Amino acid sequence: MTGGVHPDPDAPKPPNITGGGRTSGYSEADFIRLLRSETTPDNRVIDPEVMPWADLYTKWSDEELRAIWALVSSVPRVAD
């Protein structure tokens, strides 16, 4: 969950989604809103070319999204 190297050298670097990276400062509500709306709390729209599966999360239940948040927020913070 700390980002890393994408197998396609032309692809953007995968983001660090630990609390020390891109999701730093997100609340559970922010995270769920991001997955429902495909828009970050600072109003950046997720590029479907970069994250084509994002639309799938819009169909998940609140309980499922809270479970993902619980996992992501339990990972130790790693600074970018």
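**Exercise 1. The nonpolar core**

Find the residues of the largest nonpolar core in this predicted model, and work out which helix gives the most to this core.

*Solution.*
Step 1. Start with the members: the largest nonpolar core has 11 residues, namely Tyr26, Phe31, Ile32, Leu34, Leu35, Ile46, Ala54, Tyr57, Leu65, Trp69 and Val72.
Step 2. Next, sort them by helix. At least two residues of this core come from each of helix 1, helix 2 and helix 3 (62-74).
Step 3. Helix 1 gives the most, with four residues.
Step 4. Now pick one core member and look around it. Setting aside neighbours within four places in sequence, Val72 is in contact with Met1, Ile17 and Phe31.

**Exercise 2. The buried side of helix 1**

List the buried residues of helix 1 and say what they pack against.

*Solution.*
Step 1. The buried residues in helix 1 are Asp30, Phe31, Ile32, Leu34 and Leu35.
Step 2. Their packing partners are helix 2 and helix 3.
Step 3. Have a look at what comes after the helix, too: Glu38 follows helix 1 and has a positive phi, near 60°.

**Exercise 3. Three salt bridges**

Locate the three salt bridges of the structure and place their partners.

*Solution.*
Step 1. Begin inside helix 1, where the side chains of Asp30 and Arg33 meet in a salt bridge with an N to O distance of 3.1 Å. Both residues belong to helix 1 and are three residues apart, about one turn of the helix. A short reminder helps here: an α-helix has 3.6 residues a turn, so residues three or four places apart point the same way.
Step 2. Check the exposure of this pair. Asp30 counts as buried because its relative accessibility is 16%, under the 20% cut-off. Arg33, at 45%, counts as partly exposed.
Step 3. Move on to Asp62 and Arg36, whose closest N and O atoms are 2.5 Å apart in a salt bridge. Asp62 lies in helix 3 and Arg36 in helix 1, so this pair ties together parts that are 26 residues apart in sequence. Asp62, at 39% relative accessibility, is partly exposed, and Arg36, at 31%, is partly exposed as well.
Step 4. Finish with Asp42 and Arg44, which form a salt bridge with closest N and O atoms 3.4 Å apart. Arg44 is partly exposed, with a relative accessible area of 37%.

**Exercise 4. Thr23 and its surroundings**

Is Thr23 buried or exposed, and which residues is Thr23 in contact with?

*Solution.*
Step 1. Place the residue: Thr23 sits in the segment before helix 1 (28-37).
Step 2. Thr23 is buried, since its relative accessible area is 8%.
Step 3. Leaving out neighbours within four places in sequence, Thr23 is in contact with Asn16, Ile17 and Thr18.
Step 4. Zoom in on Ile17: its backbone oxygen lies 3.0 Å from a polar atom of the Thr23 side chain.

**Exercise 5. A nonpolar surface patch**

Which residues make the nonpolar surface patch of about 320 Å², and where is Leu56 placed?

*Solution.*
Step 1. The patch is made by Trp53, Leu56 and Trp60.
Step 2. Leu56 belongs to helix 2 (residues 54-57).
Step 3. Leu56 is classed as exposed because its relative accessible area is 52%, over the 50% cut-off.

**Exercise 6. Ala11 and Ser61**

How far apart are the C-alpha atoms of Ala11 and Ser61?

*Solution.*
Step 1. Ala11 lies in the segment before helix 1 and is partly exposed, with a relative accessible area of 23%.
Step 2. Ala11 and Ser61 are 50 residues apart along the chain, and their C-alpha atoms are separated by 30 Å.

Terms used:
Residues numbered from 1 in each chain as written. Predicted model: local features only at pLDDT ≥ 70, side-chain atom pairs only at ≥ 80, totals over all residues. Heavy atoms only, no water. Patch = residues over 30% accessible without salt bridge, like charges linked within 9 Å, V, L, I, M, F, W, Y side chains within 5 Å. Areas by Shrake-Rupley, 256 points an atom, 1.4 Å probe, with all protein chains shown as cover. Salt bridge = Lys/Arg side-chain N within 4 Å of Asp/Glu carboxyl O. Buried < 20%, exposed > 50% of the residue type's maximum accessible area, 1.4 Å probe, protein only. Polar contact = N/O pair within 3.5 Å; in protein donor to acceptor, adjacent residues only side chain to side chain. Contact = heavy atoms within 4.5 Å. Core = buried A, V, L, I, M, F, W, Y, C linked by side-chain atoms within 4.5 Å.
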